Amino acid sequence: MIINGVTDAKTEMMDCQPEINTQRHVYQVDTLSANNNVPAVADRRSVIKKPPKKKWKCTDYMRKTIPSIDWLFLNYRWSQDFAEDTMAGIAVAVLNIPQGMAYSILGNVEPTVGLYMAVFPVLVYALLGTSRHISLGVLSVLCLMTGKVVTTYATEGAENDPTLGGYTAIQVATAVTLVAGLVQLLMYVFRLGLLCTVLSETLVSGFTASVAVIVLTSQLKELLGVDVARRHGMMQVPNTFFDFFDRFHTINWATTTVSVITVTILLVYGKYLKERINSRLCMPLPIELIVTVIATALFQVTTIAQDYNMVQMGEIKSGLPPFEVPPVKLFSAVFVDACVIALVAYSITMSLALLVSEKLKYPLDTNQELLAQGLGNVVGSFFSCLPSGASPSRSASQQTVGGKTQMASIVSAAIIVVVLLWIGVVFEPLPRCVLSSIIVVALKGLLMQVLNFPEIWRKSKTDGTVWMVTYVTVIMLDIDSGLLIGVVVSLLIVFIKGILNEVHVLGRLPDTDLYVRLDLYAVAVEIPDVKIVRYAGSLNVINRYMFKRKLIEVTRDYDDAASATTLTVTVIDGKNPIGVQRPARCVVLDMAALQYADAAGVKMLSESIESLVSDGYDVYLAAVPDSSLEYIRCNNDVKSVRFFPTVHDAVVYHQCSNKKNQDSTYDTQPSKTSILP
């Protein structure tokens, strides 16, 4: 068929559509099991042969616990991979320098702490981790969360004057790190790697987007040089903006100018030049490091910072940090915050690691990741480190440059050690507004996640609700409170969805054995005298009455429709009718989507079936999952119900039974006349 010169593709497709033709007997579940020698439930355990357990040797445990034994000490391809890993390590190191110093500001600790985090946790993870490409170290979300705890428990000025007593900022930070690491190790011991799924991708997206707003707000003071106190706790963002506008007259225009220039350079490069330049280089151009070096050199040879009262980095300690045990007395005070930080760090890191591993087709061990990250934090806490996490930008750089293994992280850590020993002091003249500008530009992707909300809402109202609730509560209340509310709402939605059930009436697609929802498929037709009801969801103590109510509703509709059907009246020798016969009515319950049934749910199912049977219905259960079949049969008091492997088996069985009954009636009655009631 051609319409306006266009071939009717639909007709052609139907002409060549393949067909399925099959003939078989109608089966009930018992017959099907008997014909195929399926053992009874009580006998299945003895039939199933478990594969013999592998005897693990000590070396097997060591290789599983320390994956680097395989990839580094036994199977590393030095001639093929080392050059690419070295280039990737250099790329990550040049990103770590500005990011480490910048994100340390969020944690309210010295700039070198971020560089320490690029060494100690990284080396531990390289030996114990199972991801080949993630880059551990500073992460804005974790530094900000730790910074809040530092502000709460640290004594101002304790670093310079030990006589003040209390705890220094780095002592509080390392206590949080150690407790977070111990929590992750405890999760590893109890095999709780799947706990990362508590924070769904939607929740993490809303959480990180809202934290990005908090980070941006916290950096206004550094970006513009406004003399305001840093806010923490409830209503942090609204209060900060109020203070900012109230103290706007104290703005430092030199600081603002440097910030605007730095942000403009980074944004223009990222939007217009990054792809062109990086396509011609063997590794990404470290624009953040270049800007940092140029700014450092400029303010080293000029007196601009001193003339306009710009805040500079100040003294930067050279060398590696000393070994120091965090104060044990602080553990109880920071325990709750550390638990939240541990869960957030693991969830974000695992999300990134799973994304990369799925892309590059290699396995991850979620529990081993807990060991690697937890031990990395424990070791880092003794060397002045904050809780560490995987950075998207550094991990992407490590993977795109061509890194093959965690050897890239080892190379990066070695370069950072060199910086700490001899080069770090060079950055002392650098204005802090330059690092704040780097932070703000790095947050661009997280801040722009708010533009994804309409798409999230369009695809799923529940996901959109979780995203918005998390986003708003974190910004308006606090990081911990907002995250807790987001998790509770997410779990509540999962719980509600778990107890909700759906009951739909099915019809048959003409000339097929496919049964679909009547409200979705206009061409589907209902089988005469058969009401097919699909049940989807669990059947438990919570939703059992909901199931009964919905089943009554659809069968009541069936009763109303049946009242208008044709009756068969038997007439003998032209006399008055001696009897009225209505075809047997049937309800087929399609239970293929049954998720779970408990005792209370099965009892309600039995009562509902008994009620239908007493009303004159034949009741069939079709496609009951094996996990619930025997449980329903053993706890079902209604013995007249039949079980079928498919809906079509039940329908054909009922039609054949009706036809047989009608044929026997034909044999005993002289004539039949159909009339409307």
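## Strand 6 and its hairpin with strand 5

In this predicted model, G507 has V516 of strand 6 as its bridge partner. This is part of the pairing of strand 5 with strand 6 (residues 515–517), in which the two strands run antiparallel and are joined by three bridges. Further along, R508 stands opposite Y515 in strand 6. The hairpin formed by strand 5 and strand 6 has six residues between the strands, and D511 takes a positive phi near 65° there.

Strand 5 (residues 502–508) also pairs with strand 7 (residues 530–539), again in the antiparallel sense, and this pairing extends over five bridges. In strand 7, the residue that stands opposite H504 is R534.

## The six-stranded sheet

These strands belong to an open sheet of six strands, whose order is 6-5-7-10-11-12 and whose pairing is mixed. Strand 6 and strand 12 (642–644) are the edge strands, since each of them pairs on one side only. From one strand to the next, the twist averages 35°. As a general point, the strands of a sheet pair through backbone hydrogen bonds, and they may do so in a parallel or an antiparallel way.

Helix 28 (residues 626–635) packs on this sheet, where it touches strand 10 (585–597), strand 11 (617–622) and strand 12. The direction of helix 28 makes about 120° with that of strand 10.

## Helix 17 against helix 18

Helix 17 (residues 331–360) packs with helix 18 (residues 366–381) at an angle of about 125°, and their axes lie 11 Å apart. An angle of about 125° falls outside the range of 65 to 115 degrees that counts as roughly perpendicular and is not over 145, so helix 17 is described as oblique to helix 18. The crossing of the two helices is right-handed.

On the side of helix 17 the contact is made by A345, Y346, T349 and M350, while helix 18 contributes T366, N367, E369, L370 and Q373. Sorted by class, the residues of this contact are four nonpolar, four polar and one charged.

## Helix 14 against helix 15

A second helix pair is formed by helix 14 (residues 253–278) and helix 15 (residues 287–301), whose axes come within 11 Å and cross at roughly 150°. Because an angle over 145 degrees counts as roughly antiparallel, helix 14 is placed in that class relative to helix 15. Helix 14 passes helix 15 in a right-handed crossing.

From helix 14, the residues V258, T262, I265, L266 and Y269 meet I287, E288, V291 and F299 of helix 15. The residues of this contact divide into seven nonpolar, one polar and one charged. In general, an α-helix has 3.6 residues a turn, so residues three or four places apart point the same way.

## Helix 21, a mostly covered helix

Helix 14 and helix 15 appear again among the elements around helix 21. Helix 21 (residues 432–442) is mostly covered, with 10 of its 11 residues buried. The buried residues of helix 21 are R432, C433, V434, L435, S436, S437, I438, I439, V440 and V441. What covers them includes helix 6 (78–106), helix 11 (201–218), helix 12 (220–224) and helix 22 (444–447), in addition to helix 14 and helix 15.

## Two individual residues

S131 is placed in the loop between helix 8 (120–128) and strand 3 (136–137). Its relative accessibility is 1%, so S131 counts as buried. When residues up to four places away in sequence are not counted, S131 touches Y125, A353, Y362, L364, E369 and Q406. One of these, E369, also takes part in the contact of helix 18 with helix 17.

K64, by contrast, lies in helix 4 (residues 58–65), and because its relative accessibility is 39%, K64 counts as partly exposed. Although K64 and T130 are 66 residues apart along the chain, their C-alpha atoms are separated by 9.8 Å.

## The chain as a whole

The chain contains 29 helices and 13 strands. Of its 677 residues, 47% count as buried. Among the contacts between residues at least 6 apart in sequence, 78% join residues that are at least 24 apart.

Notes
Residues are numbered from 1 along each chain as its sequence is written. This is a predicted model: local features need pLDDT of at least 70, side-chain atom pairs count only at pLDDT 80 or more; totals for chains, interfaces and linings use all residues. Side-chain values use heavy atoms; hydrogens and water are left out. Axes are lines fitted to C-alpha atoms, for helices over the stretch in contact, and angles run from 0 to 180 degrees between N-to-C directions. Helices (H or I, at least four residues) and strands (E, at least two) are DSSP runs, numbered from the N terminus. Angles under 35 degrees count as roughly parallel, over 145 as roughly antiparallel, 65 to 115 as roughly perpendicular and the rest as oblique. A crossing is left-handed if the near helix is turned anticlockwise from the far one by less than a right angle, and right-handed if clockwise. Contact means heavy atoms within 4.5 Å. Ala, Val, Leu, Ile, Met, Phe, Trp, Tyr, Cys and Pro count as nonpolar, Asp, Glu, Lys and Arg as charged, and the others, Gly among them, as polar. Two strands pair if DSSP finds at least two bridges between them. Buried means under 20% relative accessible area, exposed over 50%, partly exposed in between (1.4 Å probe, protein chains only).
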